[in-house]
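I opened this notebook to keep track of what I look up in the structure. The entries follow the order in which I checked things.

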Amino acid sequence: MTDTIARLTHLQDTPQTQATRQQRAKAISATQACADLLLAPDLPGGLPLAQRLAVAQTVSAASGVTALGEHYAAQLQRLPTATPDARWQAIQQFTQLLATQPAAADRAALLALPAAGLTTADVVLLAQLIGFAAFQARLVAGVAALAALGPAGSTATPAAPAAEAPFIHPANLPAPGEPLRLNGYTSETLDWKAWLPVVDATQASAEQNAVLDASHPKARVSDFYLLLVHQPRVLAERSEAFNAIMYAPGGLPRSERELATAVVSRINGCVYCASVHAQRFEQLAKRNDVIAQVFIDPDQAGTNARERAIVQASAALTRAPGSFGAHHLAALRDAGLSDLEILDTVHAVALFAWANRLMLNLGEAVYP
């Protein structure tokens, strides 16, 4: 099987990192399946391969991940150059905005695409491709950093952690399970409204019905899934990748995966994703103190060394994957995380570069 991540990060030279990745074989295969589908030469629709490769190359270059940018540039050189026109100019503008400032790509930015001639299915494909390339860039950067970190025995063994004091809930915060509202962010349940026409579930095709049934118990009444199912194969592959990363057994505890994704969502300005994963952290950890810190100032968040290491690595990989390196992961290892737990952190952070760009740029959060 092709493994683009392994090839671009030269994992043949670091067998210990390759062995760690093999413990997440489902994530490897799901990630590659997404790449193979999104960049398949015969993918139907109004975005030809040359344009899709140019979009992926633009996102990679904007992320600063040179190896991935060169990977797409080499493929582009073998194809005819896209003819510039108003439609292609709209695609390029949207791509650059999502790659660098996802929170700035508002409804007007999205609606410029159908105004330029893209169908709803084309827009959904474009958004999925941009999100995937942002995910892929951070995955390449994170795996390369883990490989550069070297074997666990090559750094000092962390000291045994001191016994933690019994947890006392801060008096200034609502009890876990009650809405936490700080700095424009919340842990309460929000709705989400699409900015483009969604599929009528009663008129969905057999393929769309099958994907909706497999995606989420509430997919048939969710604007998010009913919009993404305009591209059912892409939605199906993305769901496989999401589940392989967020629900993989062992490794990083679920609560800490939720913490990492809440940090990414807070930095990217995705109120909806931040609310979902703040709530899930509270449900799993039975506390909300670190979530309050993330909402106020993610750069200072963390109630202990382990949380601070997870938060800071998540922030660094989100903001600047091109300059992400082994030094950003060293604190995770010093805090006692295994290489598998570090890889799970990288996976979760990278995944929400994708998830945030869908939620932020295809619709908006709706408060109760």
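I began with arginine 238, whose charged end sits over the ring of tryptophan 354, 5.6 Å from the ring's centre. I note here that the model is a predicted one.

Next I asked whether tryptophan 354 is buried or exposed. Tryptophan 354 counts as buried, at 1% relative accessibility.

I then looked for aromatic pairs and found a count of 8. In one of them, phenylalanine 135 and tryptophan 354 have ring centres 5.6 Å apart, and their planes stand at 40 degrees, so I entered the pair as tilted. Phenylalanine 135 belongs to helix H8 and tryptophan 354 to helix H17, so this pair ties together parts 219 residues apart in sequence. Phenylalanine 135 is buried as well, with a relative accessible area of 0%. I also recorded one aromatic cluster, formed by Phe132, Phe135 and Trp354.

I turned to helix H6, residues 86-100. Its 15 residues reach 21 Å from first C-alpha to last, close to the 21 Å expected. I listed the buried residues of H6 as Arg87, Trp88, Ala90, Ile91, Phe94, Thr95, Leu98 and Ala99. Seen down the axis, these fall within an arc of 155 degrees, so they line one face of the helix. On the face turned away from that side I found the exposed residues Ala86 and Gln93.

What covers the buried residues of H6? I noted that the cover includes helices H4 (49-63), H7 (107-115), H8 (120-149) and H17 (339-362).

Last, I checked the start of H6, where a side-chain oxygen of aspartate 85 reaches to within 3.3 Å of the backbone nitrogen of arginine 87.

Notes
Residues are numbered from 1 along each chain as its sequence is written. This is a predicted model: local features need pLDDT of at least 70, side-chain atom pairs count only at pLDDT 80 or more; totals for chains, interfaces and linings use all residues. Side-chain values use heavy atoms; hydrogens and water are left out. Helices (H or I, at least four residues) and strands (E, at least two) are DSSP runs, numbered from the N terminus. The expected span of a helix is 1.5 Å times one less than its number of residues. Buried means under 20% relative accessible area, exposed over 50%, partly exposed in between (1.4 Å probe, protein chains only). The arc is that of the directions from the helix axis to the C-beta atoms. Contact means heavy atoms within 4.5 Å. A polar contact is a pair of N or O atoms within 3.5 Å; within protein, one must be able to donate a hydrogen and the other to accept it, and residues adjacent in sequence count only if both atoms are side-chain atoms. Rings of Phe, Tyr and Trp (its six-membered ring) pair if their centres lie within 6.5 Å; planes under 30 degrees apart count as stacked, over 60 as edge-to-face and the rest as tilted. A charge sits over a ring if NZ of Lys or CZ of Arg is within 6 Å of the ring centre and within 35 degrees of the ring normal.
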